[in-house]
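Let's take a friendly walk through a protein model, looking at its empty spaces, its aromatic rings and its charged pairs. Please keep the sequence and the 3D view at hand as you read.

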Amino acid sequence: MAEDIVKPGEWRLGTVKAAVFIFASLCAWYSGYLLAELIPDVPLSRTLYKIRSIGERPVLKAPAPKRQKCDHWSPCPSNSYAYRLLSGGGRDKYAKICFEDELLLGEKTRNVGRGINIAVVDYVTGKVTASQYFDMFEGDNSAPMTKFVQNAPPKSLLLMVTHDDGSARLQPEAKDAIEALGSQEIRNIRFRSSWVFLAAKGFELPSGLQREKINHSDNEKNRYSGWPAEIQIEGCIPKGLS
């Protein structure tokens with residue numbers, strides 16, 4: 001019986017522990033109540049997202065660059081024409097002629113072929129007046145091409161590009177006609193050379209304008225088997241030239 005008697009010191013210790021437990025419980029309840037009042041009534045996922053977003057730097061997205069005429073990197077002045085001439089590459093990558101964002105000649109327009117491809121544009125109106133390709137690998141097409149070039153009316157732009165080969169059956173008379181338009185490379189053209197040329201008939205183009213480029217076939221440097229890489233020129237032709 002003597003062992004069941006609680007000593008005064010032990011009773012006081014138990015009382016203190018009980019009081020501390022009750023006080024801690026009340027503090028925890030009150031803290032939870034305050035937290036519930038302070039946090040807005042929003043889904044937990046959104047709250048967690050906002051917490052993660054604290055300290056993150058805002059991401060600024062640059063606007064997509066505006067597409068320019070004929071896929072130029074920068075726009076041409078309003079008082080000028082945009083042009084881009086691209087030779088063929090190998091057997092399957094066809095040549096293209098773009099003028100004022102209109103595809104004058106290419107695979108999509110189905111008017112491009114092996115040989116020398118030519119588009120004639122009225123310089124005053126900026127509209128194409130004729131386009132044709134002349135096969136220089138088979139057939140006698142050099143004379144018809146010479147006539148086509150010579151018959152282009154004054155105040156015309158002539159845009160020329162090769163596809164595949166433009167030299168095998170090219171005759172001296174045709175070279176004379178193209179050279180008369182200002183070409184400095186037509187007499188250097190070889191088998192399967194990539195060549196592009198911009199000419200003006202009846203007026204002069206600015207001296208700084210990109211007008212002609214040539215790339216010869218070289219078995220050690222060719223991009224394609226038997227063919228050199230395609231080449232291109234582009235620029236802006238001022239209006240009102242005389």
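Which residues line the largest cavity? In this predicted model, the lining is made up of Gly88, Gly89, Gly90, Thr162, His163, Asp164, Arg192, Ser193, Ser194, Trp227 and Pro228. By class, two of these residues are nonpolar, seven are polar and two are charged. The largest cavity has a volume of about 40 Å³, and the count of cavities of 30 Å³ or more comes to one.

Two of the lining residues, Arg192 and Trp227, also meet in another way: Arg192 lies over the face of Trp227, at 3.8 Å from the ring centre.

**The largest pocket**

Now turn to the largest pocket, which holds about 180 Å³ of space. Around it you will find Arg67, Cys70, Asp71, Arg84, Lys96, Cys98, Asp101, Leu103 and Lys108. This lining has three nonpolar residues, no polar ones and six charged ones.

**Aromatic rings**

A pair of aromatic rings is described by the distance of the centres and the angle of the planes. The structure holds six aromatic pairs. One of them joins Tyr81 and Tyr123 in an edge-to-face arrangement, with 6.0 Å from centre to centre and 75 degrees between the planes. Tyr81 belongs to strand β1 (residues 80–86), while Tyr123 is in the loop between β4 (115–122) and β5 (128–134), so this pair ties together parts that are 42 residues apart in sequence. Are these two rings buried or exposed? Tyr81 counts as buried at 5% relative accessibility, and Tyr123 is buried too, with a relative accessible area of 4%.

Another pair is formed by Phe137 and Phe191, whose ring centres are 6.4 Å apart with the planes at 40 degrees, so this pair is tilted. Here, too, distant parts of the chain are linked: Phe137 is in the loop between β5 and α3 (142–150), Phe191 is in the loop between α4 (172–179) and β7 (194–201), and they are 54 residues apart. Phe137 is partly exposed at 36% relative accessibility, and Phe191 is partly exposed at 42%.

Tyr81 and Tyr123 also belong to one aromatic cluster, together with Phe99 and Phe203. Look above the ring of Phe203 as well: the charged end of Lys155 sits over that ring, 5.1 Å from its centre.

**Salt bridges**

Side chains of opposite charge can pair when their charged atoms come close. How many salt bridges are there? The count comes to ten, and the table shows some of them, with the distance from N to O.

| Salt bridge | N to O distance |
|---|---|
| Asp71 and Arg67 | 3.0 Å |
| Lys69 and Glu100 | 2.9 Å |
| Glu138 and Arg114 | 3.5 Å |

Lys69 is in the loop between α2 (44–53) and β1, and Glu100 is in the loop between β2 (96–99) and β3 (102–105), so their salt bridge ties together parts that are 31 residues apart in sequence. Lys69 is partly exposed, with a relative accessible area of 41%, and Glu100 counts as partly exposed at 23%.

The salt bridge of Glu138 and Arg114 links distant parts of the chain as well: Glu138 is in the loop between β5 and α3, and Arg114 is in the loop between β3 and β4, 24 residues apart. Glu138 is partly exposed at 48%, as is Arg114 at 25%. Finally, salt bridges that share partners join Arg67, Asp71 and Asp101 into one network, and these three residues are among those that line the largest pocket.

Key
Residues are numbered from 1 along each chain as its sequence is written. This is a predicted model: local features need pLDDT of at least 70, side-chain atom pairs count only at pLDDT 80 or more; totals for chains, interfaces and linings use all residues. Side-chain values use heavy atoms; hydrogens and water are left out. On a 1 Å grid over the protein atoms alone, a cavity is a set of points where a 1.4 Å probe fits but cannot get out, and a pocket is an open set with protein on both sides within 12 Å along at least five of seven lines; lining residues have an atom within 4 Å of a point. Grid points are joined across faces, edges and corners, and a volume is the space filled by probe spheres set on the points. Ala, Val, Leu, Ile, Met, Phe, Trp, Tyr, Cys and Pro count as nonpolar, Asp, Glu, Lys and Arg as charged, and the others, Gly among them, as polar. Rings of Phe, Tyr and Trp (its six-membered ring) pair if their centres lie within 6.5 Å; planes under 30 degrees apart count as stacked, over 60 as edge-to-face and the rest as tilted. Helices (H or I, at least four residues) and strands (E, at least two) are DSSP runs, numbered from the N terminus. Buried means under 20% relative accessible area, exposed over 50%, partly exposed in between (1.4 Å probe, protein chains only). A charge sits over a ring if NZ of Lys or CZ of Arg is within 6 Å of the ring centre and within 35 degrees of the ring normal. A salt bridge is a side-chain nitrogen of Lys or Arg within 4 Å of a carboxyl oxygen of Asp or Glu.
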